[in-house]
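Visitor: I should like a close look at a single part of this structure, with its details explained step by step. Please choose a chain in which the packing of helices can be followed residue by residue.

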Amino acid sequence: MQPMQNRREMMARSAGVALLLAGAGVLPARAQSVWPKAAFDGKSIDEVYKGLGIAKPVESKDIAFTAPDIAENGAVVPIGVTTTLPGVKRIAFLVEKNPTTLAGLFDFTDAVEPSVKTRIKMQQTSNVFAVAITSDDKVYYAQKEVKVTLGGCGG
Amino acid sequence: MTMATVMTTTRIIPLAWAFLIAGCAAAPSPQEADQAALAIMKGSFREQGIAKLDRIQQDELQQACSGEKPPSEATAKRIETAQLATVQWPADGVYLGDWREGEKLAQNGRGMTWTDPAGVPSGGNCYNCHQITKAEISYGTIGPSLYQYGKLRGVSDPAAPASTDMLKYTWGKIWNAKATNACSNMPRFGHAGVLDAAQIRDLMALLLDPKSPVNAQ
Amino acid sequence: MSDPMRIRAQAQGSGAVVRVLMSHEMETGQRKDAAGKTIPAWHITEMTAALNGKVVLSGEWGTAIAKNPFTEFVVKGAKAGDKITVNWVDNRGDKRSDEAVVA
Amino acid sequence: MKAPALALAIFVAVPFAHGQTNNAPSAADGIAQYRALLADGNPADLWEAKGEALWKQKRGAKNVAFSDSCDLGKGTGVVKGAFVELPRYFADTKRVQDLESRLLSCMEAQGYDAAEIAATPFGRGEQVNLEALVAYVSAESKGMKFNLPQTRPEERLMFEVGKRIFYFRGGPYDFSCASCHGEAGKRIRLQDLPDLTKNPGDGVGFAAWPAYRVSSGELWGMQRRLNDCYRQQRFPFPGYGSDATIALATYMGVQGKGAVSIAPSIKR
């Protein structure tokens, strides 16, 4: 059930990209919005998985997930992921204890390495997850706890 | 605010330059620099919110402790005696409150800035400068570690007569740190009205109650 | 109108490392203003990066991407002189497109 | 931005052991690791780009560009190297000026009301443009060493005044700048405090500002840095470009002689 939902979404996306490729010379803007509202509204890890239409992922050592042990400020937490897993099409970043769990998604074509760095906000100390989805709908994750501290005077 | 306090334009020649008589001196004398510094302090600040200009009117202690070097021993002694006389001891003899409230106060660094509203109780700012519990890793090091404060000082029963001296010493330190160290970096929390007696009791409990995580962990 | 992005693309090995800074508030929708009113969420929802006009990476973002977002990725096979174009659109419909040449 | 490391090696360059987070040294390591990760892409870049455009743009009632009119001490329109020699004395205004107060004088020459801009809260109106300009001007001296002139009596007086203001205790907490910045190796919470009574070293203290402040997502010049120090000191409000702030900058800049500027940097 869930994988099917995901396939539908992937197909919709492919259609969008195909449309775009058809219009040669056009600026590479999306032909249609693919922002998955249900996933971004999710208030737990499970709700995000459901919103993305993916199964529960399994932990993988082939995802190298970088995040600081301690963040001096939760407003900017630098994270990065790179993976040797074959066929990774999408990577999602989830923060377990944020008001909404899903921070962002990145979609990779074959023209880029399955590797990205970004910066997220964290409301408090929490586990952060990098979830990798392959083109054949396999789902893997790596996780790390980031402690959010108060760096300065606190005034 | 008044524009006159913002000395940014070419129209205003700061008062301090008046001390540069004829501009021939290679370096200002210490007295000239002292006078210029006071004139510039006076001309550079304006009141904002609850932070009024009386805050840069120094009392004797602040003046004596504003040098590159500390004041003479005699001056320090005189200041400490005068500051000790300001300490208000708990009227009912109760020194300890609730360490849980004390921990909240120790974490709280708010209060008395120009962005703070009037009438809101201040925090103790303690973690800014001190290690206190083992659990809080975000602590400052300007002051000494207070972890196991009571335990290391042999306070196993705060109610016992043997503990009285340590209770009084600690209370005095929080109420007016300058009573024992004239130019201490620590604010005079009770004397300056930053914390009230009930808040200080709670901080006392955090440091001295054997059940407080400061001593129990 | 929003401020321009800063895009740096540097050839390295068999590809190019691309680093993008976007100027955006990324307001969470959780904060309140001085009057106690909730400040509405305002954030980039989608971004794309293209090599010589062809999309190579895209992103869908929520409110927990940090203010003034930074993104770094590696484009395979890109070489000096190639054009990298980055687009974003936010939840108000504002959009921005900037480009850089691989150095 | 610096040249990135090898494409796929970028995530292994984190030289800190995991696992021990309950004592002070590893907490400090954790913070160092966090800062190293952040330094990789500094949003101050966005301000630099904007500031460069503003520098060259004809602005104000007189419609002149800074590149044709503003002298930061190295000659009209010269930006490179100016930042690491400020504050300094300017004959036209007969004042020692820091970067921000000098930019205000240049804006006044463009036809702006400098006093009004100085009174504008940070992050509003023309203050936003000032932030971009300080980012650009400081960036043009990145990697250069501080070398404030101390040849004129006015400059020496400002140094001496700055030293006295640095040690000036006041307010309900009895704080001075020296309360936090008078000794090496101290910190507030987890924030390291540079000893500003000496040269704290390359890219530390005065040599690290302006900076992108992660906590507010804004670019702070030294004026804003000092303003927030005084707020936390529980002092009243120092005027933007006031002589007390310029004196302090002179003191810190002279003490930091020879330190390499990394501004605009990135800070918590």
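Guide: The following account looks at chain D, and then turns briefly to the other chains for comparison of topics. The model is a predicted one.

Two packed helices are described by the angle between their axes and the distance between the axes. With that in mind, consider helix 2 of chain D, which spans residues 44-56, and helix 6 of chain D, which spans residues 125-139. Their axes come within 7 Å and cross at roughly 95°. An angle of 65 to 115 degrees counts as roughly perpendicular, and therefore helix 2 of chain D is described as roughly perpendicular to helix 6 of chain D. On the side of helix 2 of chain D, the contact is made by Ala44(D), Trp47(D), Glu48(D), Lys50(D), Gly51(D), Glu52(D), Leu54(D) and Trp55(D). Helix 6 of chain D contributes residues including Val128(D), Asn129(D), Glu131(D), Leu133(D), Tyr136(D) and Ala139(D). Sorted by class, the residues of this contact comprise eleven nonpolar, two polar and four charged.

A second pair in chain D may be read in the same manner. Helix 9 of chain D, residues 222-232, packs with helix 10 of chain D, residues 243-255, at an angle of about 105°, and the axes are 11 Å apart. This angle makes helix 9 of chain D roughly perpendicular to helix 10 of chain D. Here Met222(D), Gln223(D), Leu226(D) and Tyr230(D) of helix 9 of chain D meet Thr245(D), Leu248(D) and Met252(D) of helix 10 of chain D. The classes in the contact of helix 9 of chain D with helix 10 of chain D are five nonpolar, two polar and no charged residues.

Chain D also holds cis peptide bonds. One of them joins Leu86(D) and Pro87(D), with omega at about 0°. Pro87(D) belongs to the loop between helix 3 (66-69) and strand 1 (88-90) of chain D. Another cis bond links Trp209(D) to Pro210(D), where omega is about 5°. Pro210(D) is located in the loop between strand 4 (191-193) and strand 5 (211-213) of chain D.

Backbone angles deserve attention in the other chains as well. In chain B, Met112(B) has a phi near 70°, a positive value in a residue other than glycine. Met112(B) sits in the loop between helix 4 (99-107) and helix 5 (126-129) of chain B. With a relative accessible area of 17%, Met112(B) is buried, because the cut-off for that term is under 20%. In chain C, Met26(C) likewise has a positive phi, near 50°, and is not a glycine. The loop between strand 2 (15-21) and strand 3 (44-51) of chain C contains Met26(C), and Met26(C) is buried at a relative accessible area of 1%.

Finally, helix 3 of chain A, residues 45-52, shows how buried residues can be arranged around an axis. Its buried residues are Ile45(A), Val48(A), Tyr49(A), Gly51(A) and Leu52(A). They cover an arc of only 165° around the axis, so they lie on the same side of helix 3 of chain A. An α-helix has 3.6 residues a turn, so residues three or four places apart point the same way. Just after helix 3 of chain A, Gly53(A) takes a positive phi of about 70°.

Key
Residues numbered from 1 in each chain as written. Chains lettered and ligands numbered in written order. Predicted model: local features only at pLDDT ≥ 70, side-chain atom pairs only at ≥ 80, totals over all residues. Heavy atoms only, no water. Axes fitted to C-alpha atoms, helices over the stretch in contact; angles between N-to-C directions. Helix = DSSP H or I, 4+ residues; strand = E, 2+ residues; numbered from the N terminus. Parallel < 35°, antiparallel > 145°, perpendicular 65-115°, else oblique. Contact = heavy atoms within 4.5 Å. Nonpolar A, V, L, I, M, F, W, Y, C, P; charged D, E, K, R; others polar. Buried < 20%, exposed > 50% of the residue type's maximum accessible area, 1.4 Å probe, protein only. Arc of directions from axis to C-beta.
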